[in-house]
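Ready for a few warm-up exercises? Take a look at the structure below, then work through the tasks one at a time.

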Amino acid sequence: MKLWSGRFSKSTDAAVDDFNSSIRFDMRMYKQDIKGSIAHASMLGKQGIIPKEDAELIVKTLGEILTDIENGKVEFLVDAEDIHMNIEKILTDRIGDAGKRLHTGRSRNDQVALDIRMYIKDEICEIRAMVISLMEAILKLASENTDTIMPGYTHLQKAQPITFAHHVMAYFEMLRRDIGRLDDTFKRTNICPLGSGALAATTYPLDREYVADALGFDGVTANSLDGVSDRDFALELMSTLSIMMMHLSRFCEELILWSSHEFSFVEMDDAYSTGSSIMPQKKNPDVAELIRGKTGRVYGDLMSLLTTMKGIPLAYNKDMQEDKEPVFDAIDTVKLCIPVFCSMILTMKIKKGTMLRGAKGGFTNATDAADYLVKKGLPFREAHAVVGKMVAYALEKGKALDEFSMDEFKTCSDIFEDDVYDAISMDTCVNGRNIIGGPAKEMVKTAIENGKKFVESIK
């Protein structure tokens with residue numbers, strides 16, 4: 001018999017039981033549900049709403065149920081619908097009428113809102129630790145490659161020389177923002193909805209602040225309707241995870257390109273590559289491709305819940321049962337991707353010589369040639385035109401700018417002197433950009449040290 005069956009004259013159809021039940025996926029919130037119930041029962045006893053000895057028995061038995069679940073001694077039932085009613089049924093089976101008092105002053109509406117908030121808080125902490133590990137991996141890569149010159153790109157066309165350290169530190173900055181978004185999401189999630197009831201609170205003298213404090217929340221929700229119907233925090237988490245996956249996907253896209261024969265900037269470790277069933281020469285960057293592909297999955301999770309929530313009137317509606325699966329899937333996907341991505345980048349081979357040759361090709365020092373003329377007194381637009389003609393000439397002759405003879409330089413502009421060769425060398429092009437945020441070695445080393453301090457400050 002269902003715990004809510006009093007108003008009904010017959011049982012629900014078996015197919016409806018299966019359709020309506022959420023236990024197959026919300027069972028993962030058993031720990032949060034029990035912790036929330038322990039805090040609620042303690043408060044009921046403290047307030048004299050239920051006998052203190054019943055509250056103590058409930059708390060004790062819930063602790064035993066938690067242990068039994070974690071030891072695999074509990075089987076959840078589909079016809080009990082969800083994790084909340086499964087736990088309550090197990091409790092009542094064990095201690096009888098005392099267990100029936102647990103739900104006093106509480107609805108499944110505010111109970112599930114509590115559970116999902118607690119679950120998300122726990123998962124944010126786990127994901128945050130994974131992101132920190134990835135940031136440390138990037139700092140290691142950067143520290144080892146402050147002298148590794150490579151071409152920087154715009155429009156996927158060679159633009160200016162940078163270092164591999166400077167390039168990967170861009171992703172460090174993205175992850176720094178991801179950490180900020182996770183922390184902000186945690187703050188808005190960390191508000192306790194218990195006490196909102198089904199939608200209109202309760203006539204019992206609940207001590208909401210006591211429960212919130214016992215469960216580690218910063219405070220309580222201010223409106224009972226909003227308390228049970230708000231899923232902004234879940235949407236915010238999935239938005240944050242979508243942005244984070246976008247960052248991983250962009251990095252993966254570059255690694256996929258760089259590991260191709262055409263680039264040959266990196267080689268993925270055999271342990272993070274796969275072969276072909278028909279082409280024996282193949283070494284495919286499947287790990288990077290899968291992470292790139294799974295990004296779309298997390299986006300889909302976000303859009304799923306946004307679409308579910310967009311037309312729901314206040315307060316709780318059964319549609320909101322659909323909040324958990326996309327949240328769980330997004331979390332699971334991110335937690336699957338980050339560790340393997342971290343190991344993948346730490347084991348890949350950086351082909352420094354190929355990167356340097358790539359920087360030397362494609363006239364990546366053309367801007368520096370123009371800047372050389374400007375520093376000699378030529379207006380930038382005129383300098384730009386001079387170097388543009390030099391590039392056209394170089395393409396015709398099949399040579400690089402630093403391969404020009406002095407006579408060829410002089411033909412383009414009398415301003416050029418012998419010091420131009422040093423001015424447009426790869427080292428000068430990189431290290432001359434010695435301002436905050438630039439690719440110069442000293443600036444990148446400072447950025448790395450600041451990054452290490454940041455990571456230590458957020459652990």
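## Exercises with solutions

In the two-residue hairpin of β1 and β2, H155 takes a positive phi near 55°. Before we start: this is a predicted model, where local features need pLDDT of at least 70 and side-chain atom pairs count only at pLDDT 80 or more, while totals for chains, interfaces and linings use all residues. Residues are numbered from 1 along each chain as its sequence is written, and side-chain values use heavy atoms, with hydrogens and water left out.

**Exercise 1.** Find out in which sense β1 and β2 pair.

Step 1: Locate the strands, β1 at residues 149–154 and β2 at residues 157–163. Strands here are DSSP runs of E with at least two residues, and helices are runs of H or I with at least four, numbered from the N terminus.

Step 2: Check the pairing rule, which asks that DSSP finds at least two bridges between the strands. β1 and β2 have six bridges, in the antiparallel sense.

Step 3: Pick out one partner: P151 is bridged to P161 in β2.

**Exercise 2.** Work out where L314 sits and what it helps to make.

Step 1: Look in the loop between α12 (286–309) and α13 (324–347); that's where L314 is.

Step 2: Check its cover. L314 has a relative accessible area of 62%, so it's exposed (over 50%; buried is under 20%, partly exposed is in between, with a 1.4 Å probe and protein chains only).

Step 3: Add the company: L199, L225 and L314 make a nonpolar surface patch of about 270 Å². Such patches take residues with over 30% relative accessible area and no salt bridge, joining nonpolar side chains (Val, Leu, Ile, Met, Phe, Trp, Tyr) within 5 Å and like charges within 9 Å.

**Exercise 3.** Trace what the salt bridges of E123 and E253 connect.

Step 1: Recall the rule: a side-chain nitrogen of Lys or Arg within 4 Å of a carboxyl oxygen of Asp or Glu. The whole structure has 32 of these.

Step 2: Take E123 and K335, whose closest N and O atoms are 2.8 Å apart. E123 is in helix α7 (residues 108–143) and K335 in helix α13, so the pair ties together parts 212 residues apart in sequence. With 8% relative accessibility, E123 counts as buried.

Step 3: Now try E253 and R292, with closest N and O atoms 2.4 Å apart. This pair links helix α11 (residues 232–258), home of E253, to helix α12, where R292 lies, 39 residues apart. E253 is partly exposed, at 31% relative accessible area.

How values were computed. Accessible areas come from the Shrake-Rupley method with a 1.4 Å probe; for residues, only the protein chains shown count as cover.
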